[in-house]
Amino acid sequence: MPLHVRHLIALVLSASLSPTWAQAPAPANAAPDPKLIRLGLILPLTGGSSDMGNSARVGAQVAVEEINAVGGYLGRKLELVIRDDQANNDMGLKHAEELVLTEKVAATVGFCNTGVAMKALDVFQNNQHVLIVPCATGTAITAKYPAAESYIFRTSARDQLQSQFLVADIVKRNLKKVALLVDTTGYGDGGLKDLEAALQAVGLKPHIVVRFKVGVKSLADEMKQLKDSGADALIGWTVGPEQGVISASRAAAGWNVPQYGPWGLSHASAFEASKGAVEGTYVVQTVLPNTFMERNSTFLRGYAKLSKERPIGSMMSAAQTYDSVHLLLRAMFLTKGNISGKTLKQSLENLQQPYRGVVTTYDKPFSASDHDAISANMLWLGTWQGGERTYVYKDDAARASVIRRKE
């Protein structure tokens, strides 16, 4: 039996044998289902971001199946109440209101797109309802409210960290003329701000900045402009399909400079849209497929039972969402039966035991002053090789089994 499953069984048994927890009253304003704990899940299951959303959905389902197999939460099984936001801001807001106000789920895991998340945040905050964001990376998501008051948590790497990480590798390679190709969405606006700050911190500034609208099928003119500028490196900041368009357009232009990007460059949609031209690009990762690590390989086997996609649409989305559900469970066990939003928030901020997840070992991942679980030391530089993601640096592959706790 895998070690993490044994730990989960021990967690469930210790809680179910505790008279204090088992007999604790439910929140006064709730009528809990005696059989189920319902968790909201809002993700883009259709549209251009569906590779992220569907991978995250499967990741959540793997976690729920594991938890339910060993008794759920105090004998109550978990149930996912799933909604498709279609990467649409208004749809995301509608589903947030529905899950929080009508369905009255215990907590919500959701959002892969920064703009969709930002429009819906007030629903969770104003109703003291815990939201864990497993995918969306906009720096503003966890900065909108002071952490001490916020009900918004995150298990993905915020764009501020990703931009600093990419710039650090560019400096390492002694590249100085950095071109930025950034989409015109809110995600792009935030990314551009973070990139400019990261470059400024190392004494650089963008060599050239070009913006474009999502949905484009070619960036030939933009790529010519960038190439003619004399830039020696390219950072593309956009979502998966458009990352593929960037790679395909760069290859067509014969512009052989290093191409960098945030995690969207690792999505299967980027590989498909580029027809493989993303091979050899550089991308920020929190986790990569690694059969030599027990938690990683066990998760991949569980994922394969529910989905036969190859490669996984977004390994990071799947693993981060899986870990989010398990972190929620551990917070629930600290509430002594009272899983109101306020108590869940306090429990997430005070998790007592490390959780050995797929992405990392979460040792006090949240606090009253910090709701981002991922720190800079947890990032890897990945690349596409033979149609799958892998480590750029061999030393990283060797170090991957070393526990990386939050700094």
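**A walk through a predicted model**

Hi everyone, let's start at one spot: strand β4, residues 131-133, is joined to β5 by three bridges, and the two strands run parallel. If you look at Ile 132, its bridge partner in β5 is Phe 153. Keep in mind that this is a predicted model.

Now let's zoom out from that pair. Which order do the strands of this sheet follow? Five strands make up an open sheet, and the order is β2-β1-β3-β4-β5, with parallel pairing. The edges are taken by β2, residues 77-84, and β5, residues 152-154; each has a single partner strand, so one side of each has no neighbour in the sheet. On average, neighbouring strands here are turned by 25 degrees against each other, ignoring direction.

Next, the helices on this sheet. Helix α3, residues 50-69, lies across β2 and β1, the latter being residues 36-43, and α3 runs at about 170 degrees to β2. Helix α4, residues 89-102, also packs on the sheet, where it touches β1, β2 and β3, which is residues 107-110. The direction of α4 makes about 150 degrees with that of β2.

Let me stay with α3 for a moment, and pick out Ala 63, which lies in that helix. Is Ala 63 buried or exposed? Ala 63 is buried: its relative accessible area is 0%. And what does it touch, leaving aside neighbours within four places in sequence? The contacts of Ala 63 are Tyr 322, Val 325 and His 326. From the same part of the chain, take Ser 324: its C-alpha atom is 9.0 Å from that of Ala 63, although the two residues are 261 apart along the chain.

Let's move on to another pair of strands. Strand β6, residues 178-183, is joined to β7 by five bridges, and these strands run parallel too. Within that pairing, Asp 183 stands opposite Phe 212 in β7. Together, β6, helix α7 (residues 186-201) and β7 form a right-handed β-α-β unit.

Please look along β7 itself, residues 208-212, because its side chains alternate. Ile 208, Val 210 and Phe 212 point to one face and are buried, whereas Val 209 and Arg 211 point to the other face and are not buried.

Finally, a word on confidence. The chain has an average pLDDT of 92, and 92% of the residues score at least 70. Over residues 12-30, though, pLDDT stays under 50, and the model has 23 contacts beyond four places in sequence for that stretch. Where pLDDT is low, the predicted coordinates should not be read in detail. Thanks for listening!

Technical notes
Residues are numbered from 1 along each chain as its sequence is written. This is a predicted model: local features need pLDDT of at least 70, side-chain atom pairs count only at pLDDT 80 or more; totals for chains, interfaces and linings use all residues. Side-chain values use heavy atoms; hydrogens and water are left out. Two strands pair if DSSP finds at least two bridges between them. Helices (H or I, at least four residues) and strands (E, at least two) are DSSP runs, numbered from the N terminus. Axes are lines fitted to C-alpha atoms, for helices over the stretch in contact, and angles run from 0 to 180 degrees between N-to-C directions. Contact means heavy atoms within 4.5 Å. Buried means under 20% relative accessible area, exposed over 50%, partly exposed in between (1.4 Å probe, protein chains only). A crossover is right-handed if, with the strands pointing away from the viewer, the path from the first strand over the helix to the second runs clockwise. pLDDT is the predictor's confidence in each residue, from 0 to 100.
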